[in-house]
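Below is a note to read with the structure open beside you. Please take the points in order and look for each named part as you go.

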Amino acid sequence: MTGYSTAAIWTIILTSAAGTYLLRWSFLGGLGGRAMPEWLLRMLRYTAVAVLPGLVAPGVLWPEVTGGQPDPTRLGAVFAALAVGILSRNMLAGIAAGIAGFWALAWVLA
């Protein structure tokens, strides 16, 4: 099937598991009981704000449903979410506006 032996597959799985464990331990075990520097705490505040667009952007710009072409429904929902997010400075309000905008545009443009 894949061309990998059973031993190679288990080596990959165990190496990935060890890497994931060590990466998580570095923050939880290594830094868990200590105060983190202020500059690091300031940067960690933006993690959710950076991850969410990274998850959403591919589905908006290159959706599989449309064969990789941007469609007006998704783009309109993004602009609605962006406008509400900027004006209210509330991430949950922006997400709700994006969902509502997507449903409304899907209904109007269908």
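## Notes on the predicted model

1. **Overall make-up.** The protein has five helices and zero strands, and reading along its sequence gives the pattern α-α-α-α-α. The radius of gyration is 21 Å, well over the 13 Å that the globule rule gives for 110 residues, so the protein is more spread out than a compact globule. Please keep in mind throughout that this is a predicted model.

2. **Extent and burial.** Along its principal axes, the C-alpha trace spans about 55 × 50 × 15 Å. Of the 110 residues, 11% count as buried. Among the contacts with a separation of 6 or more, 33% are accounted for by residues 24 or more positions apart.

3. **The length of helix H5.** Does the span of H5 agree or disagree with what its 19 residues should give? Helix H5 covers residues 91-109, and at 1.5 Å a residue it should span 27 Å; the C-alpha atoms at its ends are 26 Å apart, which agrees with that expectation.

4. **The two faces of H5.** Gly94, Ala97, Gly98 and Gly101 are the residues to find here, since each of them is buried in H5. They cover an arc of only 105° around the axis, which puts them on the same side of the helix. The face of H5 turned away from this buried side carries Leu92, Trp103 and Trp107, which are exposed. On the buried side, the residues of H5 pack against helix H4, which runs over residues 72-88.

5. **The start of H5.** Which residue caps the N-terminal end of H5? Asn90 does so, with a side-chain oxygen that lies 3.0 Å from the backbone nitrogen of Leu92. Leu92 is also one of the exposed residues on the face turned away from the buried side, as described in the point above.

6. **Thr73, seen from H4.** Thr73 has its place in helix H4, and is it buried or exposed there? With a relative accessible area of 9%, Thr73 is buried, because the cut-off for that word is under 20%. If its neighbours within four places in sequence are left aside, Thr73 is in contact with Phe102, Leu105, Ala106 and Leu109. Helix H5 covers residues 91-109, and a reader who follows these contacts from Thr73 will therefore arrive in that helix.

7. **Asp71 and the salt bridge.** The structure holds one salt bridge, in which the side chains of Arg74 and Asp71 meet at 3.2 Å, N to O. Asp71 is found in the loop between helix H3, residues 47-61, and H4. At 12% relative accessibility, Asp71 counts as buried, because that value is under 20%. Leaving aside its neighbours within four places in sequence, Asp71 is in contact with Pro63 and Thr66.

8. **Ala100 as a contrast.** Ala100 has its place in helix H5 and is partly exposed, with a relative accessible area of 42%, whereas Ala97, Gly98 and Gly101 are among the buried residues of H5. How far from Pro37 does Ala100 lie in space, C-alpha to C-alpha? The two are 63 residues apart in sequence, and their C-alpha atoms are 40 Å apart.

Conventions:
Residues are numbered from 1 along each chain as its sequence is written. This is a predicted model: local features need pLDDT of at least 70, side-chain atom pairs count only at pLDDT 80 or more; totals for chains, interfaces and linings use all residues. Side-chain values use heavy atoms; hydrogens and water are left out. Helices (H or I, at least four residues) and strands (E, at least two) are DSSP runs, numbered from the N terminus. The expected span of a helix is 1.5 Å times one less than its number of residues. Buried means under 20% relative accessible area, exposed over 50%, partly exposed in between (1.4 Å probe, protein chains only). The arc is that of the directions from the helix axis to the C-beta atoms. Contact means heavy atoms within 4.5 Å. A polar contact is a pair of N or O atoms within 3.5 Å; within protein, one must be able to donate a hydrogen and the other to accept it, and residues adjacent in sequence count only if both atoms are side-chain atoms. A salt bridge is a side-chain nitrogen of Lys or Arg within 4 Å of a carboxyl oxygen of Asp or Glu. The radius of gyration is taken over C-alpha atoms; the globule rule is 2.2 Å times the number of residues to the power 0.38.
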